[in-house]
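Trainee: Could we go through this model together? I would like to learn how to read its helices, its buried residues and its cavities.

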Amino acid sequence: MSLEALNEQVKRDLSYLAFGGKDWVQPVSHPEGHVYDVIIIGGGQGGLGTAFGLLRERISNILVIDENVEGFEGPWETYARMVTLRTPKHLTSIDLGIPSLTFRSYWEAQFGEKGWEAIDKIPRGDWMDYLRWYRNVLNLPVKNEVKLNLIEPLENGIHRLHVEGNGAPAEPLLARKVILATGIQGGGQWHVPQMISENLPPHLYAHTSKAIDFHSLKGKKVAILGGGASAFDNANFALSEGVAEAHVFVRREELPRINPIRQMEGSGLIERFYSLTDDDKYAVMAHFFKHNQPPTNDTFERTASWPGFQLHLGSPWLHVEATSEGAVVTTPQGTFTFDFLIISTGLMTDPALRPELRLVEKHIARWGDRYSAPEEIANSTLDAHPYLSPGFALLSRNDEGKKLLYGLFSYNYSALISCGIVAAALSGLRFGIPRLVSAVAEQLFLDDRNKILAQYYAYNEPEFIGDLNNAVSRS
């Protein structure tokens with residue numbers, strides 16, 4: 001099979017499911033212009049899958065916006081530096097149960113069944129190519145180079161979205177529902193310890209989420225702070241680009257070895273997490289944060305095979321300073337000098353860190369507002385996460401914010417404590433997207449219920465038109 005033949009198969013499969021039927025959502029007008037039923041912020045895998053899910057529900061008055069240029073949405077060809085995805089290749093995601101839309105179908109259309117059997121994990125660049133294909137074959141309504149700056153709630157359940165960028169319209173966008181499908185960083189911001197940001201000039205360090213000029217680091221010595229998978233991805237990438245030495249510093253005495261996601265994938269914990277009590281949700285995620293995500297075996301072996309790789313365990317950074325020779329790092333194991341530091345310390349999640357939410361974030365309920373964790377697992381990082389509905393809706397701390405937050409959904413990493421990894425990991429998308437779509441559709445239906453019910457009661461179009469004159473017995 002070729003990609004052209006697969007494209008035809010996708011169209012045929014969707015036609016069998018009556019994809020593209022007439023919308024049922026009641027149109028809304030506004031003096032400022034067109035009102036979308038749903039605007040999705042983010043054109044990466046979560047945003048694309050959600051758009052497809054809404055279209056399957058016959059909700060087509062939608063728009064996806066993404067601040068990046070077309071084809072470079074998400075991390076895959078911007079700051080992600082792993083060789084392959086970490087997820088097992090057989091797990092499905094944004095195909096939403098359509099076999100011809102799976103990555104496997106996409107791969108086999110090009111390389112055959114033996115080609116599929118030959119790969120261990122999905123190559124990162126090929127995953128991005130799959131997302132590009134997925135968007136095109138489904139003709140999803142995405143506008144690139146449109147950045148959301150501010151969500152402004154209006155009357156009657158409409159939100160005004162202030163946007164900018166080369167692809168942005170001159171006037172704000174209007175939407176009844178807004179989905180923040182903004183990925184791992186969309187619920188807060190990447191974290192750089194103050195010890196580093198306050199003591200070093202910007203040319204001496206960068207977070208792993210930023211663009212790094214590795215060409216300028218050829219033959220030089222770099223340090224990576226962090227013991228998670230991303231730290232080793234960046235160490236391997238740096239060494240493959242010609243860096244002479246890459247030192248990974250980990251505060252723990254041992255590297256994490258357990259990946260809780262692998263257990264979750266087969267236990268029902270991903271797809272049914274939302275049904276747990278708050279006690280269980282908090283405990284599960286406290287355990288998740290405790291273990292972190294270790295590097296994959298192939299990534300570690302690939303990284304460790306470089307002569308210039310060094311791993312420092314039990315080595316938290318106690319102090320950093322800039323000198324004429326570079327960045328000096330002090331650890332319990334000694335002092336080291338590097339030409340450049342790469343920071344792999346994850347992110348902080350808190351709606352207060354998101355500028356687009358600044359008009360409403362004070363109303364957003366956090367876990368710390370709704371749940372008091374046992375002392376032995378209490379964690380301020382977890383407490384700062386928004387407390388969401390099972391359908392990813394932002395909830396209010398009080399009655400004052402209910403109307404302002406109504407219609408806003410957070411389908412990004414900030415949903416972790418409330419809904420599990422269904423918005424944060426590839427292995428959870430096939431469970432999270434249908435639940436999100438169902439919640440959005442339900443809100444739209446209940447918003448329109450008066451009109452829908454009035455049309456139902458007024459409906460009088462005959463379906464049965466048989467002639468009874470000769471069929472009815474008069475005896």
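Trainee: How many residues does helix 8 have, and what end-to-end reach is expected at 1.5 Å a residue?

Mentor: Bear in mind that this is a predicted model. Helix 8 runs over residues 278-291 and has 14 residues. From its first C-alpha to its last it reaches 20 Å, close to the 20 Å expected at 1.5 Å a residue.

Trainee: Which residues of helix 8 are buried?

Mentor: To count as buried, a residue needs a relative accessible area under 20%. In helix 8 these are Lys 281, Tyr 282, Met 285, Ala 286, Phe 288 and His 291. Their packing partners are helix 7 (260-267), helix 10 (367-370), helix 11 (380-383) and helix 13. Look also at what comes next: Asn 292 follows helix 8 and has a positive phi, near 60°.

Trainee: Let me try helix 1. What span should its residues give?

Mentor: Use the rise per residue again. Helix 1 covers residues 3-16, so its 14 residues should span 20 Å at 1.5 Å a residue, and the 20 Å between its end C-alpha atoms agrees. Leu 6, Val 10, Asp 13 and Leu 14 are its buried residues. Because they cover an arc of only 95° around the axis, they lie on the same side of helix 1.

Trainee: What covers that buried side, and which exposed residues sit on the face turned away from it?

Mentor: The cover over the buried residues of helix 1 includes helix 2 (45-56), helix 3 (103-118) and helix 4 (124-137). On the face turned away, you find the exposed residues Glu 4 and Tyr 16. Just after helix 1, Ala 18 takes a positive phi of about 55°.

Trainee: Is Asp 233 buried or exposed?

Mentor: Start with the accessibility, then list the neighbours. Asp 233 belongs to helix 6 (residues 229-240). Its relative accessibility is 4%, so Asp 233 counts as buried. Leaving aside residues up to four places away in sequence, Asp 233 touches Arg 81, Met 82, Arg 86 and Thr 299.

Trainee: And where does Ser 315 lie?

Mentor: In the loop between strand 11 (309-312) and strand 12 (319-323). A loop residue can be checked in the same manner: Ser 315 has 1% relative accessibility and therefore counts as buried. Its side chain reaches the backbone oxygen of Leu 313 at 3.1 Å. Setting aside residues up to four places away in sequence, Ser 315 touches Phe 249, Val 250, Arg 251, Thr 331, Pro 332 and Gln 333.

Trainee: What does Ala 415 touch?

Mentor: Place it first: Ala 415 is in the loop between strand 17 (408-412) and helix 13 (416-419). With 0% relative accessibility, Ala 415 counts as buried. Apart from residues up to four places away in sequence, Ala 415 touches Leu 388, Phe 392, Ser 410, Gly 420 and Ala 423. You can also compare sequence with space: Ala 415 and Gly 391 are 24 residues apart in sequence, and their C-alpha atoms are 9.8 Å apart.

Trainee: Last topic. How many cavities of 30 Å³ or more are there, and what lines the largest cavity?

Mentor: Count, then volume, then lining. The search of the whole structure finds 2 cavities of 30 Å³ or more. The largest cavity holds about 60 Å³ of space. Its lining is made up of Leu 180, Gly 186, Gly 187, Pro 351, Arg 354, Leu 357, Pro 386, Leu 394, Ser 410, Asn 412 and Ser 414. You have met Ser 410 already, as one of the residues that Ala 415 touches.

Definitions and conventions
Residues numbered from 1 in each chain as written. Predicted model: local features only at pLDDT ≥ 70, side-chain atom pairs only at ≥ 80, totals over all residues. Heavy atoms only, no water. Helix = DSSP H or I, 4+ residues; strand = E, 2+ residues; numbered from the N terminus. Expected span 1.5 Å × (residues − 1). Buried < 20%, exposed > 50% of the residue type's maximum accessible area, 1.4 Å probe, protein only. Arc of directions from axis to C-beta. Contact = heavy atoms within 4.5 Å. Polar contact = N/O pair within 3.5 Å; in protein donor to acceptor, adjacent residues only side chain to side chain. 1 Å grid on protein atoms, 1.4 Å probe; cavity = no way out; pocket = protein on both sides within 12 Å on 5 of 7 lines; lining within 4 Å. Points joined across faces, edges and corners; volume = space filled by probe spheres on them.
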